[in-house]
Amino acid sequence: MKPTRQRAREALRSDDFRRLFTIRLLTQSGDGLFQATLIASIVFNPEEQNTILGFAIATLVVSLPFSILGPFTGVFIDRWSRRKILVVAPLLRAAAMWLVLFEPKAAPVLFLGGALWVLSVNRFYLATAVAVVPRLVPTEDLLMANSMATVGGTVALLLGVFVGGWMIDLVGNAPVIALAGVEWLVASLVATRIRSPMIPHHVPEAAVRDELGRVAREFGDGISRLVHTPRALGPITSITLDQVGQGIVLVLSLFVFRDRFGEGVGSFSNLIGAGGLGVLLGILTVGKLEERYPKERIVARAFFAGGVVLIAVSLYITGWSVLIASFAVGLTFAWKKIPVDTMVQEAIPDGYRGRVFAVYDVTYNLSRVAAAFLAIPLLNAFGVAGAVAIVGVVFILWSPVLPRWIGRVPELTLRFYEGSRAEQDPRAVVWGGVEETVEVEQRSLEETDGVRRTRYRLRMLDGTTIEVSKVEPDGAWTLERELD
């Protein structure tokens, strides 16, 4: 396998991808500045007496566009020139960004309207930036290009929040918003230099109203498919619980810094910075863990480790211990999120993944909103230390749940022909709760170190080819790889 640096250079050979990568860095850095301004206006506003309620409102404003608009963005992205979207969307955001300079209490309609507009357009914009990558790089560079865009964008977002928070403490909101607007305008200018118009190859014939209705129906189908697939439902439930716990800890941390220590929005930047470092370390180390442990065991150990740290921090809450908790939560989040995404992908056939991941996306975003509002009664009833300890205990209690949840459920099962062909020809595979007819392309019986394993290569009706195997005589069938 080629070294990572060489693969990155090969992905960047495309002039248009380099421009897209630059756009991601600029826009998401501006997004971080904008989100820091929202937090400053709603949570750290001197007139705001309730830190937790303020953060809950801020979380709702940030998450709502991602949750509601997310499943429907593809309807329009599949109809319009993607280059025009990348050019125009930043201009639309810059035109309305100044509305968040109004005081939230004095002019709530203008403030919230501006915030929702900017964030809603951003949801549409980021979905477009993800969708166009396959048009700009060769297939062999696609994985590296996606990784660079995602990781680079996330780092830029965290840096924007970090820098924005400290700038606001020094110079106020207006210069930070202006800097975000400049970054978005530059991103629009860079997008005009992308040579490919990125017009959809095929424009759907159905009317937009019909397409929106179809998306809503398929979203319901995704919920149904998820409910009937324990190997996907378990991981998604686990990461949702993690997000609720993370959200509660973040809200309580903000309360400690603002109300107990009297610090400004820079303290939020410190929290995000500590958590971001944890996530980065988790991303760098999770591969080593996957070489040693099954994915569900990594998630279980991450819940246990995070729970232990939170209980320890609850015994002695200081500025530094809160930052340590933020780092630990970020680290264990990466150890959970990456294996969970992989488990869900493996548990669901390709034809259903889009629908299930749309449900996953909405659930993931709304869990933070639930956490922000759940933190209010927890703080009132148990105080900061008690609430943090409760989250830690819940994490520890959950740690054995996922392995047990999916441990008794096979990844997939094969249906065989009856009669003389029963021992050699599967007729269908049951995968993700769906029975699909298959054609056998290859069958082999292998023996390694005294272990006999039967292996099939099967082609499904949609053209997907999978390789499955089981240990003889009574092992469970497992998915080894999925091929295009």
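Select Ile68 to begin, and you will find that this residue lies in helix 3, where a helix is a DSSP run of H or I with at least four residues, numbered from the N terminus. The model in your viewer is predicted, so local features need pLDDT of at least 70 and side-chain atom pairs count only at pLDDT 80 or more, while totals for chains, interfaces and linings use all residues. Residues are numbered from 1 along each chain as its sequence is written, and side-chain values use heavy atoms, with hydrogens and water left out.

Is Ile68 buried or exposed? Its relative accessibility is 49%, and Ile68 therefore counts as partly exposed, because buried means under 20% relative accessible area, exposed means over 50%, and partly exposed is what falls in between, with a 1.4 Å probe and protein chains only.

Next, add Leu53, Ile57, Leu60, Leu64, Leu116 and Phe373 to the selection, since together with Ile68 they form a nonpolar patch on the surface, with about 500 Å² of accessible area together. Such a patch joins nonpolar side chains (Val, Leu, Ile, Met, Phe, Trp, Tyr) within 5 Å, and like charges within 9 Å, using residues with over 30% relative accessible area and no salt bridge, that is, no side-chain nitrogen of Lys or Arg within 4 Å of a carboxyl oxygen of Asp or Glu. The areas come from the Shrake-Rupley method with a 1.4 Å probe, and for residues only the protein chains shown count as cover. Helix 3 (residues 51-69) gives the most to this patch, with five residues.

Now select helix 2 (residues 15-42) and helix 6 (residues 108-131), which pack at an angle of about 155 degrees with their axes 12 Å apart. Axes are lines fitted to C-alpha atoms, for helices over the stretch in contact, and angles run from 0 to 180 degrees between N-to-C directions. Helix 2 and helix 6 are therefore roughly antiparallel to each other, a term for angles over 145 degrees.

Stay with helix 6 and pick out Ala115, which is found there and, at 0% relative accessibility, counts as buried. Ala96 is 19 residues from Ala115 in sequence, and their C-alpha atoms are 8.2 Å apart in space.

Return to helix 2 and show helix 9 (residues 173-191) beside it: this pair packs at an angle of about 160 degrees, with axes 9 Å apart, and is therefore also roughly antiparallel.

Finish at Leu136, which lies in helix 7 (residues 133-136) and counts as buried at 8% relative accessibility.

Key
Helix = DSSP H or I, 4+ residues; strand = E, 2+ residues; numbered from the N terminus. Parallel < 35°, antiparallel > 145°, perpendicular 65-115°, else oblique.
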